[in-house]
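The exercises below ask the reader to work from the sequence and coordinates towards a set of local and overall features. Each task is followed by a solution that goes step by step.

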Amino acid sequence: DNDDILKWKSSYEQCIHEKNDRNCRCKSAEESEKYRLKGNKSFQLKDDQLALYWYNRSICSAPDSSTSSLLALALANRSAVFLKLQQFKKCMLDIENALKLGYPSDLRSKLDKRKSICTARLDQVAPIQPPPLSRASSYQSDKLRIHYAKESGRSYKAEAVINKGEIVITETSYASVLNYKWHCLYCDHCYEEILAVTECSWCSSGCYCSTICRDRAWDLYHWIECHAFNILQQVDDGARLSLRIILSTPRLEILDMCNPKFKVECKEWLTNGSYTFKDVSDNVLERRIKNSGNYYNICSLLSHSDKYSSEQMNQFYIESCFLAFMFGQRIIHWIRSLDLPDIVDDCQIKNVNNTNIAMLMVSHIQQLRTNGHAITKMVASSKWHKIAYPESNDFRRVSQNQQERIALSLYPNSSLFNHSCNPNTIVSFSGRNIVFKATRNIPKGLDVTHCYGPHSNHMSRKERIDKLLKQYYFTCSCDACYSNTSNIETFGNALKCHKCDGPVNQVDGHQTSFKCQLCNWSMESTKVILEISKCNETFSRAQELWKSGATQAGIKLMEECISDRKRLLHTFNLDLSCSYDSLAKFFADIGDWKNAYTACRKSVKTVQFLYGNDSIEYANELHKIALLYFNGKQMQKALATIDEAIPLFDFQCGTSSAARRELDDMKHCLLGYLKEQHAIH
């Protein structure tokens with residue numbers, strides 16, 4: 001709506017003029033108080049993580065302390081959570097800041113008491129050295145080379161044997177955006193989890209884990225995005241990232257890409273590895289292209305503009321024109337403030353306009369559809385479920401790790417990996433850095449591959465081919481698509497053969513025709529499908545009973561479901577595994593740890609068989625059962641399981657993952673307990 005657009009632009013421009021005043025319209029006393037009261041309620045309900053989230057939101061929204069005590073109140077309330085979580089330094093810092101910012105004197109006794117507790121505890125505890133900060137760094141193995149092929153463009157091949165576990169590439173994000181679903185839960189710059197938020201001084205949308213990230217974000221992009229939360233919510237992550245790509249780029253390189261001649265020649269050089277420069281004046285261009293920065297690499301990535309529908313292209317143009325209308329003049333002023341080197345013509349910089357900015361963003365939006373990377377993190381599904389998925393009522397009581405897409409990012413060099421449904425590298429993230437590690441030995445001359453999403457462990461061959469063709473515009477011909485023999489496809493959805501107990505699967509193209517993969521026995525499926533449908537209903541009813549607090553009734557119904565599924569489904573069917581997993585949660589909910597880990601072991605066995613000993617899925621199952629052993633005081637079993645899980649998490653996710661840290665904490669606690677017991681005896 002044009003009226004809304006003009007209103008947003010007017011509000012944005014007014015906020016820019018008010019930016020030296022913390023009390024501009026982006027700060028809200030009403031919002032701050034609302035979030036603080038939600039934090040109080042969560043704290044009373046003993047949901048400390050949720051209370052921390054709401055207090056952080058309150059702090060971000062609070063007006064300047066010279067006109068309101070809301071910031072001091074929110075900091076004081078948050079200090080109570082930190083005290084409970086035994087984060088004594090953070091508690092002390094919040095108390096000191098609250099007192100400086102005008103905390104009511106009649107309430108001060110509460111803070112004084114907390115402060116004395118923190119002082120006493122900090123005197124008892126030896127200081128812990130914080131982990132080193134994740135530094136922006138890039139690395140590429142000298143065993144990797146870029147290969148040029150007419151049919152597939154640029155890709156990576158092994159120049160020498162790459163051993164399993166070797167890092168082949170580490171790259172820092174060129175630009176990235178946090179998904180709004182995780183706003184104020186993860187840092188808007190480095191994507192680490194936020195405990196004590198560092199807020200933007202002028203708006204309520206900038207949420208960071210430290211002043212370092214806040215200042216870096218301001219220098220790169222937040223100087224434009226500050227006060228623009230409502231504007232940026234109108235476009236998707238790809239459009240927002242296209243804006244950040246421009247803001248993260250040296251201004252001279254933006255000018256170059258606004259020059260059609262330079263853009264064509266640069267793309268020709270980077271795509272084909274060679275270009276014939278025609279005259280003496282082109283020598284300058286040749287030198288600059290050969291010594292180019294990553295923005296030239298970005299602009300040479302395939303955009304597949306001929307593959308998008310007219311509706312898609314219209315949407316791309318609308319989003320880019322919208323952003324150029326909102327921010328274009330400020331971006332142009334920023335570009336024109338550049339101290340020009342001699343090689344840039346004055347006319348070139350004077351001719352930059354909103355159309356140039358919009359067209360660059362259109363190009364990047366198209367490129368990101370096939371070249372963007374999702375930054376993922378392993379998140380406990382129970383931890384932030386209420387915030388990230390407000391529409392869901394699946395408020396789980398037992399923690400379970402799951403991979404979540406936290407942000408969208410662009411890594412120019414990493415975009416050159418070709419796809420395989422069973423790749424020979426695996427990806428992990430450390431802040432804004434992406435790390436590619438070999439999952440097996442890669443012989444010299446072989447393609448070094450990465451999975452774009454559709455993996456043979458998680459999708460059928462048909463699903464993978466359809467998804468890759470729809471999103472990436474190619475038909476996959478990797479080994480996994482030719483062999484079609486993964487355990488997940490053979491057993492994951494298989495019924496049980498009544499003759500040999502083998503896996504029974506649907507015959508291609510026949511919805512009601514099933515055949516055993518071992519003995520070729522064919523079965524009539526109508527009756528079995530009806531029975532499976534009834535099992536699924538039983539499973540859902542058991543889950544509902546558990547959610548409503550009727551755990552014992554849920555256990556009884558889930559055991560009935562398992563009994564029926566064991567009769568109908570193959571031993572390694574995922575639905576049967578899910579039933580055991582749910583039963584383990586139910587038992588854990590009432591503190592019956594023995595039955596919980598007994599049920600969980602059966603789920604672990606299935607996951608290990610289907611996904612393999614090195615898989616992240618198996619690592620997550622080990623983490624889960626280690627927790628059950630730990631709570632059930634099965635010390636030796638817990639330690640053995642932890643020792644098996646830690647190398648898997650190190651390999652799959654790096655050494656700084658939340659699951660890895662939790663396993664370390666459990667191991668430290670167990671070893672301390674066993675040492676005490678040994679001393680007693």
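A residue is called buried when its relative accessible area is under 20%, exposed when that area is over 50%, and partly exposed in between (1.4 Å probe, protein chains only). The model is predicted, so local features need pLDDT of at least 70 and side-chain atom pairs count only at pLDDT 80 or more, while totals for chains, interfaces and linings use all residues. Residues are numbered from 1 along each chain as its sequence is written, and side-chain values use heavy atoms, with hydrogens and water left out.

**Exercise 1. Overall composition**

Task: Find how many helices and strands the protein has, and what percentage of its residues is buried.

Solution: Helices (H or I, at least four residues) and strands (E, at least two) are taken as DSSP runs, numbered from the N terminus. Under that rule the protein has 27 helices and 17 strands. Of its 681 residues, 49% are buried. For the contacts, defined by heavy atoms within 4.5 Å, consider pairs at least 6 apart in sequence: 67% of these join residues at least 24 apart.

**Exercise 2. The geometry of helix H7**

Task: Compare the span of helix H7 (residues 211-225) with that of a straight helix of 15 residues, and locate the centre of its kink.

Solution: The expected span is 1.5 Å times one less than the number of residues, which gives 21 Å for a straight helix of 15 residues, whereas H7 spans only 17 Å between its end C-alpha atoms. Next, the bend at a residue is the angle between axes fitted to the seven residues ending there and the seven starting there; in H7 there is a kink of about 70°, centred on aspartate 219. The buried residues of H7 are Cys213, Ala217, Leu220, Tyr221, His222, Trp223, Ile224 and Glu225. Their cover includes helix H1 (2-17), strand S7 (207-208), helix H8 (229-232), helix H9 (237-247) and helix H14 (310-336).

**Exercise 3. Positive phi values**

Task: Determine the sign of phi at histidine 304 and at lysine 633, and decide whether each side is buried or exposed by accessibility, for histidine 304 and for lysine 633.

Solution: Most residues other than glycine have a negative phi. Histidine 304, in the loop between helix H13 (294-299) and H14, nevertheless has a positive phi near 55°, and because its relative accessibility is 18%, histidine 304 counts as buried. Lysine 633 lies in the loop between helix H25 (616-631) and H26; lysine 633 has a positive phi of about 60° and, at 61% relative accessibility, counts as exposed. A further case is histidine 227, just after H7, with a positive phi of about 80°.

**Exercise 4. Two open sheets**

Task: Give the strand order of the sheet that contains S1 and of the sheet that contains S14, and identify the edge strands of each.

Solution: Two strands pair if DSSP finds at least two bridges between them. One open sheet of four strands has the order S1-S4-S12-S11, with antiparallel pairing. Strand S1 (139-140) and strand S11 (425-430) each have a single partner strand, so one side of each is left without a neighbour in the sheet. Strand S4 (residues 167-172) and strand S12 (residues 433-438) are joined by five bridges, and threonine 172 has asparagine 433 in S12 as its bridge partner. Helix H26 (residues 635-653) lies across S11 and S12 and runs at about 90° to S11, where axes are lines fitted to C-alpha atoms, for helices over the stretch in contact, and angles run from 0 to 180 degrees between N-to-C directions.

The other open sheet has four strands in the order S14-S15-S16-S17, again with antiparallel pairing. Its edge strands are strand S14 (495-496) and strand S17 (522-524), each of which pairs on one side only. Helix H21 (residues 525-547) packs on this sheet and touches S14, strand S16 (513-516) and S17, its direction making about 65° with that of S17.

**Exercise 5. Cysteines without disulfides**

Task: Find how many disulfides the whole structure has, and which cysteine sulfur is nearest to that of cysteine 207.

Solution: A disulfide is a pair of cysteine sulfur atoms within 2.5 Å, and the search of the whole structure finds zero. For cysteine 207, the nearest cysteine sulfur is that of cysteine 60, 3.5 Å away; cysteine 207 is buried, at 1% relative accessibility. For cysteine 500, the nearest is that of cysteine 516, at 3.6 Å, and cysteine 500 is partly exposed at 35%.
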